[in-house]
Every structure is written in C-alpha cells, then in structure tokens.
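Me: I am new to this one and would like to go through it slowly. Could you show it to me, please?

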Amino acid sequence: MSIYDNAAATSLRLITKFGQAITLRKFGAGVYTNGVMTPSTTDSTLKGAVFDYVRMNFGEVLQDGTLVQAAARNLFLAANGARPEVNDHVLLANGSEWNIVGLRTVEPSGTPVLYDCRIRQ
C-alpha cells in the first residue's frame, strides 16, 4: 500500500463526508430498432463536491477580449468507481444535469486519487 493509496482513501473520506451523491451518465452506441435510434446509457453513483470554476485549475490564462462562461463549475469526484470522460454527463443531488467539458486526473505514481472535472450546463 503506497502513500497515494492513503491519499485516495482520505480524498474519498472527505468527499463522502462533505460532498454529495453524483450520478455519472455515460452514453453508449445505442440501439437502432424500426428506424428509431434509442441511446444507451450507463449510470454510476459516485461522491463529489461542486465549486465555482477557477480557470487556473486547468492551466488557462485570462486574456483581454475572452469570455468567461458563468455557468462553468468545478466538480471533484472521488476516484473510487467509474472513470469519468469528457462528454459524459453528471446529475447533481439537486437534479440538474451537467456536461463534462474538461477533465484532469490526479494520479501520482499511476494511482488515481481524484478526478478534477470542468462541467457546464
């Protein structure tokens, strides 16, 4: 057991205590029947915490003439289940649905500790 396994356990413990239930929705290829395409989805329940979006978290730099989308948020997901990907959706505890538009995985030595997601409605 490495120090990073301990960090992942601590991250999960804190997010579970102070965060909320998050549903991660992944979209599959879907099923085509009688001329109708029915998308397939897979839902997983994770724990996460939502914060106001800080552009510096993703290495972005504010420049003159750029627009900041007010609806952007940061979502920190505990790394204890399904791995999120860009374009997956998340459903927050209040029922709102958000799209993952940016993602960084905190994984020192290859051990996932936390997923840092940028989300927008």
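**Reading the labels**

Reply: Happily; let us begin with one side chain: that of Asp116 makes a polar contact with the side chain of Asn74, at 3.0 Å. This is a predicted model, where local features need pLDDT of at least 70 and side-chain atom pairs count only at pLDDT 80 or more, while totals for chains, interfaces and linings use all residues. Residues are numbered from 1 along each chain as its sequence is written, and side-chain values use heavy atoms, with hydrogens and water left out.

Me: What makes the pair of Asp116 and Asn74 a polar contact?

Reply: A polar contact is a pair of N or O atoms within 3.5 Å; within protein, one must be able to donate a hydrogen and the other to accept it, and residues adjacent in sequence count only if both atoms are side-chain atoms. The distance for Asp116 and Asn74 is 3.0 Å, so it falls within the 3.5 Å limit.

Me: Why is Asp116 called buried?

Reply: Buried means under 20% relative accessible area, exposed over 50%, and partly exposed in between (1.4 Å probe, protein chains only). Asp116 has 3% relative accessibility, so it counts as buried. Asp116 is found in strand E8, residues 114-120; strands (E, at least two residues) are DSSP runs, numbered from the N terminus.

Me: Why does Ser96 count as buried?

Reply: Its relative accessible area is 15%, which means it is under the 20% cut-off. Ser96 is found in the loop between strand E6 (89-91) and strand E7 (97-106). The side chain of Ser96 also makes a polar contact with the side chain of Trp98, at 2.8 Å.

Me: What makes Phe51 and Phe76 an aromatic pair, and why is it called tilted?

Reply: Rings of Phe, Tyr and Trp (its six-membered ring) pair if their centres lie within 6.5 Å; planes under 30 degrees apart count as stacked, over 60 as edge-to-face and the rest as tilted. By this rule the count comes to 1 aromatic pair. Phe51 and Phe76 are 5.4 Å apart, centre to centre, with 50 degrees between the planes, so the tilted class applies. The pair links distant parts of the chain, with Phe51 in strand E4 and Phe76 in strand E5, 25 residues apart.

Me: And why is Phe51 called partly exposed?

Reply: At 42% relative accessibility, Phe51 lies between the 20% and 50% cut-offs, so that label fits.

Terms used
Helix = DSSP H or I, 4+ residues; strand = E, 2+ residues; numbered from the N terminus.
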